[in-house]
Amino acid sequence: MLRCGITGYKGNLGKTFLKLNKNFRYFKFKGDITKKKDIKLWLKNNDFDILIHFAAIVPTNLVNKNYKKAIKVNFYGTKYLIDEIIKQKKNIKWFFFSSSSHVYKMKRNKINETSPTIPSSNYGKTKLLAENYLINRLKGSKIELCIGRIFSIYDNIGKDFLIPNLLKKINRKEKKLTFENLNHFRDFLSTLQISKIIIFLWKNRYQGIINIGSGFQTNIKTIVKKLAIKSKKKIFFKDNKPTFLIADITKLKKIGFNQKNLKLKGFF
């Protein structure tokens with residue numbers, strides 16, 4: 001049975017990953033990722049073959065509200081983790097870091113792994129800092145590093161994520177609703193699809209940076225229209241200049257990933 005260390009197991013993606021891979025023996029990090037003592041104790045008392053590092057502050061509005069805390073969790077938490085792994089000389093074969101498409105500069109064409117890394121949000125800044133530290137720290141190491149740049153997730157739950165916020169507004173009592181700043185095109189996957197891709201990457205012992213997306217674009221305005229069908233409310237939009245953040249998954253396909261297996265057709 002594969003021994004798997006995992007951080008951020010209480011998050012939406014972490015919960016799905018745990019349910020999907022029941023044949024793994026999990027070692028859950030239950031401490032504070034920003035406390036070196038918690039990380040040290042966890043690593044000292046547990047040995048595992050692979051490590052899935054999900055722990056992070058993700059919603060962009062929360063990152064913007066407390067950027068210092070986001071840096072502490074997303075960057076320094078990752079730094080403390082990998083520093084302690086190296087210090088203890090842990091025999092970890094594969095390290096997966098959950099990064100984000102937010103490290104890229106937005107553009108109309110699909111984005112590949114060599115596209116400019118000019119973060120499109122503060123969240124992206126924290127993830128790019130962590131990426132660069134991991135790459136530099138693990139140079140010459142036996143640990144195989146995989147950085148998965150995840151695009152948008154449509155089944156994130158909680159008031160700070162996109163879909164729940166849209167539903168909350170749609171469910172208001174007003175018969176007419178106006179939405180602003182939603183003319184954005186994004187690349188959506190579910191937490192289940194993302195989890196399956198991560199397992200695929202592990203089975204292929206993929207090393208390096210790779211996009212995790214569908215390769216299809218969905219306009220957020222379309223999502224609102226679909227969600228609002230049952231409400232029979234009149235929906236209006238105040239359009240902004242469109243933005244695009246869509247994955248080029250050529251690299252994922254080149255290592256044998258078959259889109260048909262996950263029915264990757266975008267959100268709708």
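This text goes through a surface patch, a small sheet and three loop residues of a predicted model.

The surface comes first. Lys10, Lys15, Lys19, Lys22, Lys28 and Lys30 gather there in a patch of positive charge. One of them, lysine 10, belongs to the loop that joins β1, residues 3-7, to α1, residues 12-20. The relative accessible area of lysine 10 is 62%, and the cut-off for an exposed residue is over 50%, so lysine 10 counts as exposed. Membership of such a patch requires over 30% relative accessible area and no salt bridge.

Next comes a sheet. Three strands form an open sheet in the order β11-β8-β13, and their pairing is mixed. The edges are held by β11, residues 218-219, and β13, residues 243-245. Each of these two has a single partner strand, so one side of each is left without a neighbour in the sheet. In the order of the sheet, β8 stands between β11 and β13. Strand β8 covers residues 184-186 and pairs with β13 in the parallel sense, over three bridges. Within this part of the sheet, arginine 186 stands opposite leucine 245 of β13.

The loop that leads into β8 deserves a look at its backbone. Asparagine 181 is found between β7, residues 176-180, and β8. Its phi is positive, at about 55 degrees, although asparagine 181 is not a glycine. Is asparagine 181 buried, partly exposed or exposed? Its relative accessibility is 47%, and the partly exposed class lies between the limits of 20% and 50%, so asparagine 181 counts as partly exposed.

A positive phi also occurs at lysine 89, where the value is near 55 degrees, again in a residue other than glycine. Lysine 89 sits in the loop between α4, residues 67-87, and β4, residues 94-100. With a relative accessible area of 75%, lysine 89 is exposed.

The last residue is lysine 142, in the loop between α5, residues 122-137, and β5, residues 144-150. Lysine 142 is exposed as well, and its relative accessible area is 81%. How far apart are lysine 142 and histidine 53 in sequence and in space? The two are separated by 89 residues along the chain, while their C-alpha atoms are 18 Å apart.

Key. Residues numbered from 1 in each chain as written. Predicted model: local features only at pLDDT ≥ 70, side-chain atom pairs only at ≥ 80, totals over all residues. Heavy atoms only, no water. Patch = residues over 30% accessible without salt bridge, like charges linked within 9 Å, V, L, I, M, F, W, Y side chains within 5 Å. Areas by Shrake-Rupley, 256 points an atom, 1.4 Å probe, with all protein chains shown as cover. Salt bridge = Lys/Arg side-chain N within 4 Å of Asp/Glu carboxyl O. Lys, Arg positive; Asp, Glu negative; His and termini not counted. Charge placed at Lys NZ, Arg CZ, Asp CG, Glu CD. Helix = DSSP H or I, 4+ residues; strand = E, 2+ residues; numbered from the N terminus. Buried < 20%, exposed > 50% of the residue type's maximum accessible area, 1.4 Å probe, protein only. Pairing = 2+ DSSP bridges.
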